[in-house]
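Student: Got a minute to go through this one with me? I'd like to talk about sheets, salt bridges and cores.

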Amino acid sequence: MAVESTLSSPLGPPACEKDVMALQFIEEMTRNVDAVQERVLAEILSRNSDTEYLRRFRLKGATDRDTFKAFVPVVTYEDLQPDIQRIANGDRSNIFSSHPISEFLTSSGTSAGERKLMPTIHEELDRRQQLYTLLMPVMNLYVPGLDKGKGLYFLFVKAEMKTPGGLVARPVLTSYYKSDHFKTRPYDPYNVYTSPNEAILCADSFQSMYTQMLCGLIMREEVLRVGAVFASGLLRAIRFLQLNWQELAHDISTGALNVKVTDPSIRECMSKILKPNPELANFIMKECLKDDWEGIITRIWPNSKYLDVIVTGAMAQYIPTLDYYSGGLPLACTMYASSECYFGLNLKPMSKPSEVSYTIMPNMAYFEFMPHDPSTPLPSRDSPPRLVDLADVELGKEYELVITTYSGLCRYRVGDILRVSGFHNAAPQFNFVRRKNVLLSIDSDKTDEAELQKAIDNASGFLHDFNTSIVEYTSFADTKTIPGHYVIYWELLVKDPKNAPSPDVLNQCCLTMEEALNSVYRQGRVADNSIGPLEIRVVKNGTFEELMDYAISRGASINQYKVPRCVNFTPIVELLDSRLVSAHFSPSLPHWIPEGRKTLS
Ligand code: AMP
């Protein structure tokens, strides 16, 4: 029952006493955006005034926005990399932050093919945690009764590595799940998970997924929401069920845990959860045996009210598949965050994916916005653009997000393009438009045009021996398969048909391309099994000319026409596929060093 009267929030009546404070906090932050931003910047600058980085810009103790903007440059990761490398190598001096660097967070964005390393400080965990505590109070405004059951969330940790200087480097969610903030979180009836901590914290992705799915099946009637961080992760879980339901049902029928799950802490905790239940096992087998898996999520978890997954940005490509498996359950995108900083939350989490907007919380960092007009060239170093404050962005305009964090990033370009879609109080709300320079993405991998070109160059080197060259190419993220995979369309010029590259050679080209792609891609292929083998589709000669004709018929200028390096418009993909000569897949996994065994140099 909603909490009435004086405690009611403009967002809606809080569901319980505990939510009152969270909603009041959101109100306070969104009403006072500019003042909070001014305070946050002053706090960051005064505490970090003695850092090597800020001393370079001679702020002379100033903590105001004008001085900061006049003296401190807008930067990218590459600008900071030499200093970041010093920290990785063991330099403990105050380079970016007056607080000690507690660890590195490894971003899924890459630089020179490797994950970016984001130095962070211990206190940031509190800030992330605080944003998490706002999510359920907002959700409770829209979905009642979430305290009457559990959430089936597929959450995973990934391997960690150590930098030469001894700091841990790992993804931000791994850091969070392994923190006491998560592990020893107090009981909250609105936040009960079916997955035991032991399963979430198991680094072996098979054992972790198996146990989480098993628990989800055992507690199927209690499950009120099903989720993962990103849409691709939830679909991977469905695929896992497709491949493993027989073994899972066997465990449920007998009450004995699969011997493939060897982690002692999981075995120990599952001994309390898993009991023989032949009736449930039969039900699962009956559902999974059906040829058609449409609506499988609601068939197995009949009380689920929504899917909690991010489907904005690159993840929008999974919406139709999620709708298919869930019978159209609402898709809730609750928050917007990154390794560098957690940004904000969706105050209307049940809104349609195309209407999702995120409200940036002004206490998380100091935010600036670089006007982004796709039709004008990017600003050069000599004419830096004027950045706009959070309180000053304009409705309908697009901006690139620039952050200054408590960990010491100053005027750092995140690379995300956002569009102002509205306001809550004085706080702007943003549609996530896209990440800059991302051509292909299946899971957390992000491949840009230069990386794809390099992969193509490597593969064409392979074709030289066969007197064959790649005349044109384009690419497509095929998400009809689970996991999805990259498709590269090639038009080839075979100069000596007697010595044409064999199917084996073309398969090998797929692998050569994969070897050239960045480490997040290769980790997705090798360790996470979140990306399928790369496919080359050879198309008939003349296909790319037809593609140009098609674009021109739709209004493209013949003089300015450039072959798109990625296609996703269905008629174009269909045109390419209708000219297919042969298809080839990577015959094995590319090279990827498990992070635990990698030393950074
Ligand atoms: P990472 O640095 O690997 O944590 O990735 C962070 C990036 O993921 C962000 O900068 C965005 O590009 C993307 N991202 C995070 N949250 C969302 C969201 N809710 N919608 C769309 N993209 C997101």
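Tutor: Sure, we'll take the topics one at a time, and keep in mind that this is a predicted model.

Student: Start with the salt bridges. How many does a search of the whole structure find?

Tutor: The search finds 43 salt bridges.

Student: What does Asp-389 pair with?

Tutor: Asp-389 forms a salt bridge with Lys-69. The closest N and O atoms are 3.2 Å apart.

Student: Where do the two partners sit?

Tutor: Asp-389 is in strand 13, residues 388–389, and Lys-69 is in helix 4, residues 65–71. The pair therefore ties together parts that are 320 residues apart in sequence.

Student: Is Asp-389 buried or exposed?

Tutor: Asp-389 is at 10% relative accessibility, so it counts as buried. Lys-69 is at 23% and counts as partly exposed.

Student: Which residues are in the salt-bridge network?

Tutor: The network links Asp-34, Glu-38, Arg-65, Lys-69, Glu-368, Asp-389 and Arg-411.

Student: And what about Glu-247, which residue does it bridge to?

Tutor: Glu-247 bridges to Lys-260, with the closest N and O atoms 3.0 Å apart. Glu-247 is in helix 11, residues 231–254. Lys-260 is in the loop between helix 11 and helix 12, and the two residues are 13 apart. Glu-247 counts as partly exposed at 28% relative accessibility. Lys-260 also counts as partly exposed, at 42%.

Student: What does Arg-55 meet in a salt bridge?

Tutor: Arg-55 meets Asp-50, at 3.9 Å from N to O. Asp-50 is exposed, with a relative accessible area of 54%.

Student: New topic, strands. How do strand 1 and strand 2 pair?

Tutor: Strand 1, residues 101–111, pairs with strand 2 in the antiparallel sense over 7 bridges. Thr-106 stands opposite Leu-117 in strand 2.

Student: What's in the turn?

Tutor: The two strands form a hairpin with 2 residues between them. Ala-112 in that turn has a positive phi of about 50°.

Student: How many residues of strand 2 are buried?

Tutor: Strand 2 covers residues 114–121, and 7 of its 8 residues are buried.

Student: Now the parallel sheet. What's its strand order?

Tutor: The order is 3-6-7-8, in an open sheet of 4 strands. Its edge strands are strand 3 (150–154) and strand 8 (331–332), and each pairs on one side only. Strand 7, residues 306–310, pairs with strand 8 over 2 bridges. Asp-308 has Ala-332 as its bridge partner in strand 8.

Student: Which helix packs on that sheet?

Tutor: Helix 10, residues 205–218, packs there and touches strand 3 and strand 6. The direction of helix 10 makes about 155° with that of strand 3.

Student: What about the sheet with mixed pairing, which strands are in it?

Tutor: That open sheet has 4 strands in the order 17-18-19-20. Strand 17 (468–478) and strand 20 (580–585) are the edges. Neighbouring strands are turned by 25° against each other on average, direction ignored. Strand 19, residues 535–539, runs antiparallel to strand 20, and 5 bridges join them. Val-538 stands opposite Ser-582 in strand 20.

Student: Which residues does Leu-506 contact, leaving aside neighbours within four places in sequence?

Tutor: Its contacts are Leu-463, Trp-490, Leu-492, Pro-501, Ile-536, Val-538 and His-584. Leu-506 lies in helix 17, residues 503–516. Leu-506 is buried, with a relative accessible area of 5%.

Student: Cores next. How many residues are in the largest nonpolar core?

Tutor: That core has 170 residues. Those with the most contacts inside it include Leu-241, Trp-301, Leu-401 and Trp-490. Helix 11 gives the most to this core, with 11 residues.

Student: What lies apart from it?

Tutor: Another core, of 14 residues, lies apart from it. Among its members are Val-487, Leu-547, Val-563 and Leu-576.

Student: Last one. Which residues does the UniProt domain annotation cover?

Tutor: The unreviewed UniProt entry annotates residues 451–569 as "GH3 C-terminal". In the model, that span is 39% helix and 22% strand. Its end C-alpha atoms lie 22 Å apart.

Key:
Residues are numbered from 1 along each chain as its sequence is written. This is a predicted model: local features need pLDDT of at least 70, side-chain atom pairs count only at pLDDT 80 or more; totals for chains, interfaces and linings use all residues. Side-chain values use heavy atoms; hydrogens and water are left out. UniProt positions are given in the numbering used here, feature names are shortened, and annotations may be inferred rather than shown by experiment. A salt bridge is a side-chain nitrogen of Lys or Arg within 4 Å of a carboxyl oxygen of Asp or Glu. Buried means under 20% relative accessible area, exposed over 50%, partly exposed in between (1.4 Å probe, protein chains only). Two strands pair if DSSP finds at least two bridges between them. Axes are lines fitted to C-alpha atoms, for helices over the stretch in contact, and angles run from 0 to 180 degrees between N-to-C directions. Contact means heavy atoms within 4.5 Å. A nonpolar core is a set of buried Ala, Val, Leu, Ile, Met, Phe, Trp, Tyr and Cys residues joined through side-chain atoms within 4.5 Å.
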